[in-house]
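Good morning, and thank you for joining this short presentation. Please take a moment to look at the model on the screen before I begin.

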Amino acid sequence: MGALTPLAALLVRDMQLAVRLGGGAFIGVLFFLMVVTLVPFALGPDLALLARIGSAILWLGALLASLLGLDRLLASDYEDGSLDLILMASTPLELAVAAKALAHWLTTSLPLVVAAPLLGVLLNLDGRASGAVALTLLAGTPALTYIGLIGAALTVALRRGGLLLAVLVLPLNIPVLIFGVAASNAAIVGPLPFGTPFGILCALSLMSVVIGPFAAAIALRQGLD
Amino acid sequence: MLAVTGPNGAGKSSLLRLVAGLIHPAQGRVVIAGGDPELSIGEQAHYVGHQDAIKPSLTVTENLAFWSRWLGDGNKVAAALAGVGLGALAHLPALHLSAGQRRRLSLARLLAAQRPIWLLDEPGSVLDAAGGAMLAAIMRVHLAAGGLILAAIHGPLELEATRELRLGGTP
């Protein structure tokens, strides 16, 4: 680790923790798979209906899956005393939590983006539709993760803060969901041009990537005092 | 070196966390004479509290290598492990360590990155006799090199504490 900067070392460590046993890297994909597999059974053999709502189902599954493990993102460091040392370092806390959220996105959300086109087959989506969904997931899941980071910081001291985190974060995630599905459907059906909702989706992600770490750092400093 | 003593609940841990900058005082402030004026006390201090900051799914070396890089320049990992007597366990996943070994690993941070101030909260509490001697030895080396130690201890430490601050339970 000597060749990495402290922030890069933190990113690498968090990714290592996620992919080791019990780390939760693939829980998101498994949950995503479960949701998408069960929907066709629930809706019955109406292929046209599946194709129409397929992008919404994929987005919904990805949104819920991306929240998995977010409550442990900061809580596990709080519980074993690592957060104290992270707070005491010269590296700004905002960058440290941003690096942790990036590690979470890479290990939990990026596999969802890769899995979406494969799961689109189960929902009777053609290649172009699945590709559109995957692209919008790629653009929108950073917003989900970095908004979730704020919830994780607010619930850091709670042992089972997952439910409260979801309650706090879901209202803020709804615009991302709306524009994500709108962009996917625009690519498949029209009449809206794809660029409009996709641009807003990208803007939401860019805003979250900046605001999330700052808000999370403030929440952490207040909460640990 | 300053040893902070007192009964349970007297506020020894809170005092250390205050100096480290992890808690903000309701009144007053903590100032440091000397050192780097650009850095806060926490940035120039090691804090070894009751918790170990060890991730069970990483190996002993991976745990220490991360803290060594986070707190310093990441170079002295093997020497630090040898210094606390964990050299033979370098590749063991940390979840297999005993309580005393975990304590040694968290103390290895002190050797893995150079910082002038050490804030130690009952550092010898789960260590065996050999561990206690090891701890006293590394503390002596640190003090001889001009370092500062603020330690909360219960029983006697095998070290000539320069000063003692006794926190009382009731006046």
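I shall start with a pair of helices, one from each chain: the crossing of α1(A) and α2(B) is left-handed. Please bear in mind throughout that this is a predicted model.

To locate these two elements, helix α1 covers residues 6–19 of chain A, and helix α2 covers residues 60–71 of chain B. Their axes come within 8 Å and cross at roughly 155 degrees. An angle over 145 degrees counts as roughly antiparallel, and α1(A) and α2(B) are therefore described in that way.

Which residues make the contact between α1(A) and α2(B)? From α1(A) there are A:Pro6, A:Ala9, A:Leu10 and A:Arg13, and from α2(B) there are B:Phe66, B:Arg69 and B:Trp70. Sorted by character, the residues of this contact comprise five nonpolar and two charged, with no polar ones.

Let me now widen the view to the interface between the chains. In total, 26 residues of chain B are in contact with 24 residues of chain A. On the chain B side, helix α2(B) supplies the largest share, namely six residues. That side of chain B is made up of 13 nonpolar, eight polar and five charged residues.

I turn next to chain A as a whole. Chain A contains nine helices and zero strands, so that, read along the sequence, every element in its pattern is an α. Its radius of gyration is 18 Å, close to the 17 Å that the globule rule gives for 225 residues, and chain A is therefore as compact as a globular protein of that length. The C-alpha trace of chain A spans about 55 × 35 × 35 Å along its principal axes. Of the 225 residues in chain A, 50% are buried. Considering contacts in chain A between residues at least 6 apart in sequence, 79% join residues at least 24 apart.

Finally, I should like to single out one residue, A:Leu137, which is found in helix α7 of chain A, residues 127–154. Is A:Leu137 buried or exposed? The threshold for a buried residue is 20 or more other C-beta atoms within 10 Å; A:Leu137 has 27 such neighbours inside 10 Å and therefore counts as buried. Beyond its neighbours within four places in sequence, A:Leu137 is in contact with A:Ala62, A:Leu112, A:Val113 and A:Ala116. The C-alpha atoms of A:Leu137 and A:Trp59 are separated by 7.2 Å, although these residues are 78 residues apart along the chain.

Thank you for your attention.

Note on methods:
Residues are numbered from 1 along each chain as its sequence is written. Chains are lettered from A and ligands numbered from 1 in the order in which they are written. This is a predicted model: local features need pLDDT of at least 70, side-chain atom pairs count only at pLDDT 80 or more; totals for chains, interfaces and linings use all residues. Two residues are in contact if their C-beta atoms, placed from the backbone, lie within 7 Å. Helices (H or I, at least four residues) and strands (E, at least two) are DSSP runs, numbered from the N terminus. Ala, Val, Leu, Ile, Met, Phe, Trp, Tyr, Cys and Pro count as nonpolar, Asp, Glu, Lys and Arg as charged, and the others, Gly among them, as polar. Axes are lines fitted to C-alpha atoms, for helices over the stretch in contact, and angles run from 0 to 180 degrees between N-to-C directions. Angles under 35 degrees count as roughly parallel, over 145 as roughly antiparallel, 65 to 115 as roughly perpendicular and the rest as oblique. A crossing is left-handed if the near helix is turned anticlockwise from the far one by less than a right angle, and right-handed if clockwise. The radius of gyration is taken over C-alpha atoms; the globule rule is 2.2 Å times the number of residues to the power 0.38. A residue is buried if 20 or more other C-beta atoms lie within 10 Å of its own, exposed if 12 or fewer, and partly exposed in between; C-beta atoms are placed from the backbone.
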